[in-house]
Amino acid sequence: MSVAVVGGGAWGTALATVAAREEPVRLLLRDAAIADAINRRRENPAYLPGIVLPVGIEAVLKPTAIGGAGIVLLVTPAQTLRAVCRMLAPHLSAGAALVLCSKGIERDTGLFASAVVEAELPGYPVAVLSGPSFASDVAAGLPTAVTLAARDAALADALARRLAGPAFRVYAGTDVLGVEAGGALKNVLAIAAGASAGLGLGASAQAALVTRGFVELTRLGEALGADPRTLVGLSGLGDLVLTCSGTQSRNFAYGLALGRGEDLSTLKLAEGVFSAGVAARLATERGIEAPIIQAVAGILDGTLPVADAVAALLARPLKREF
Ligand SMILES: NC(=O)C1=CN([C@@H]2O[C@H](COP(=O)(O)OP(=O)(O)OC[C@H]3O[C@@H](n4cnc5c(N)ncnc54)[C@H](O)[C@@H]3O)[C@@H](O)[C@H]2O)C=CC1
Ligand SMILES: O=C(CO)COP(=O)(O)O
């Protein structure tokens, strides 16, 4: 089935690179200069400089151009997903499978991507793809494994087979919410890990923060309806480990700059910045203890100085670990 990708940033371009190995892929983006560079020079200089893209990727600027696709990957930032659905609505083929690849929670509604898309584009089969996968690694053909979940197991299997590549392993599943929760929450925790590094708190503090952060991810994920097994899988624990491991992660890099008190205005997209407040709100509404997520939200909304956040976490009463 033919594949189209919506969003010509780092991740959209990387996924198009994998999908284009089998048959040509259309990549819908907004910037004419980038489209031209992809089509003429086989490079996305803004988002994946230096990586040679396959000839099978055709960059297009008009949504009508993705009309015939049977599989459409949506790869724009989470907060833009609703507007992107509205823009695509008149152009999608009936029955096209929509694969949601962004990692975030819609701020105004507290909804994950599948709920946003199902509301805006009712009737289209939906799947989510998430897991430990830096765009530059995937585009360079380095080994990567991700999860693809759809409520319809047969659809998940078919999409996983179509989107997998020789070094891009796609595991199929049916826990849509679990995959989305892992992908969104790990970004918030990566900001905390980066801030810890930026403050120079040391490797032991970092390990403790990531581990206790994972407890929060599982508590909140389960309260939202995730299967606990999904949360210890690629899209939960796997992506948390990757994203908390260094500055190749934009969320970690954001936290690092925050901890160092550096300028944040020039940094790349860090989805955790947009998801932290709404994740904290979801935890509060469900009575879930999530002090690290709450601390990140407080730091980002300006109500909690970074140093006070660390002091508050350390001053929490001692208790049983489990
Ligand atoms: N970069 C990575 O390694 C990975 C990223 N992701 C997720 O994929 C999503 C996209 O991330 P990246 O591609 O890395 O971001 P990016 O910042 O590299 O690119 C974002 C793309 O979305 C486009 N865009 C922004 N607003 C738009 C709008 N309103 N309508 C249409 N297009 C719009 C931009 O023009 C750009 O092409 C994020 O949710 C991210 O968490 C997931 C896995 C890996
Ligand atoms: O989701 C990612 C890797 O799986 C990318 O992480 P960053 O957005 O933090 O760079």
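Domain bounds here come from an automatic or database domain assignment. I note at the start that this is a predicted model.

**Entry 1: domains**

I looked up how the protein is divided and found domain 1 at 3-174 and domain 2 at 177-314. I took the C-alpha centres of the two domains and got 25 Å between them. I then listed the contacts across the boundary: 22 residues of domain 1 are in contact with 26 residues of domain 2.

I asked which elements make up the domain 1 side of this boundary. H4, E6, strand E7 (144-150) and strand E8 (168-173) each supply at least two residues. E7 has the largest share of that side, with four residues. I sorted the domain 1 side by class and counted 12 nonpolar, eight polar and two charged residues.

I also checked the record for this region. UniProt, in an unreviewed entry, has the annotation "domain: Glycerol-3-phosphate dehydrogenase NAD-dependent N-terminal" over residues 3-155. Over residues 3-155 I find 29% helix and 21% strand. The end C-alpha atoms of this stretch are 15 Å apart.

**Entry 2: ligand 1**

I listed the surroundings of ligand 1 and got 25 residues, of which Gly9, Trp11, Thr80, Ser102 and Ala135 come nearest. Helix H1 (10-19) and helix H3 (81-88) are the elements that give two or more residues to this shell. H1 supplies the largest share, three residues. By class I have 13 nonpolar, nine polar and three charged residues around ligand 1.

**Entry 3: ligand 2**

I repeated the listing for ligand 2, which is surrounded by 13 residues. The closest are Ser133, Asp239, Ser249, Arg250 and Asn251. Two or more residues of the shell come from each of helix H7 (176-198), helix H10 (234-243) and helix H11 (250-260). H10 gives the most, with three residues. The classes here are four nonpolar, five polar and four charged residues.

I wanted to know where ligand 2 lies relative to the domains. Domain 1 and domain 2 both give residues to its shell, so ligand 2 lies between them.

**Entry 4: the annotated binding site**

I looked up the "binding site" feature in UniProt (unreviewed entry) and found it placed at Lys103, Arg250 and Asn251. I checked whether these positions come together in space: they span 149 residues in sequence, but no two of their C-alpha atoms are more than 12.6 Å apart, so they gather at one spot. Arg250 and Asn251 are also among the closest residues to ligand 2.

I took Lys103 next and found it in the loop between E5 and H4. Is Lys103 buried or exposed? I count 29 other C-beta atoms within 10 Å of Lys103, so it is buried; the cut-off is 20 or more. Leaving out residues up to four places away in sequence, Lys103 touches Ala78, Ser130, Gly183, Ala184, Asn187 and Glu271.

Asn251 sits in helix H11. It counts as buried, with 28 C-beta neighbours inside 10 Å. With the sequence neighbours up to four places away left out, I list Asn187, Ala190, Ile191, Gly194, Thr243, Ala270, Glu271 and Gly272 as touching Asn251. Asn187 and Glu271 are therefore on the contact lists of both Lys103 and Asn251, going by the C-beta cut-off of 7 Å.

**Entry 5: Gly272**

I followed the contact from Asn251 to Gly272. Gly272 is in helix H12 (residues 271-285). It is buried, with 30 other C-beta atoms within 10 Å. Its contacts, leaving aside neighbours within four places in sequence, are Asn187, Val188, Ala190, Ile191 and Asn251. I also noted the pair Gly272 and Leu189, which are 83 residues apart in sequence and 7.9 Å apart in space, C-alpha to C-alpha.

**Entry 6: helix H4**

I returned to H4 (residues 113-120) and asked which of its residues are buried. They are Ala113, Ser114, Val116 and Val117. They cover an arc of only 160° around the axis, which puts them on the same side of H4. The spacing fits a general rule: an α-helix has 3.6 residues a turn, so residues three or four places apart point the same way. I checked what covers the buried residues of H4, and the cover includes H3, strand E5 (97-100), strand E6 (126-130) and H7.

Notes: Residues numbered from 1 in each chain as written. Chains lettered and ligands numbered in written order. Predicted model: local features only at pLDDT ≥ 70, side-chain atom pairs only at ≥ 80, totals over all residues. Near = placed C-beta within 6 Å. Nonpolar A, V, L, I, M, F, W, Y, C, P; charged D, E, K, R; others polar. Buried ≥ 20, exposed ≤ 12 C-beta atoms within 10 Å, placed from the backbone. Arc of directions from axis to C-beta. Contact = placed C-beta atoms within 7 Å. UniProt positions renumbered as here; feature names shortened; annotations may be inferred.
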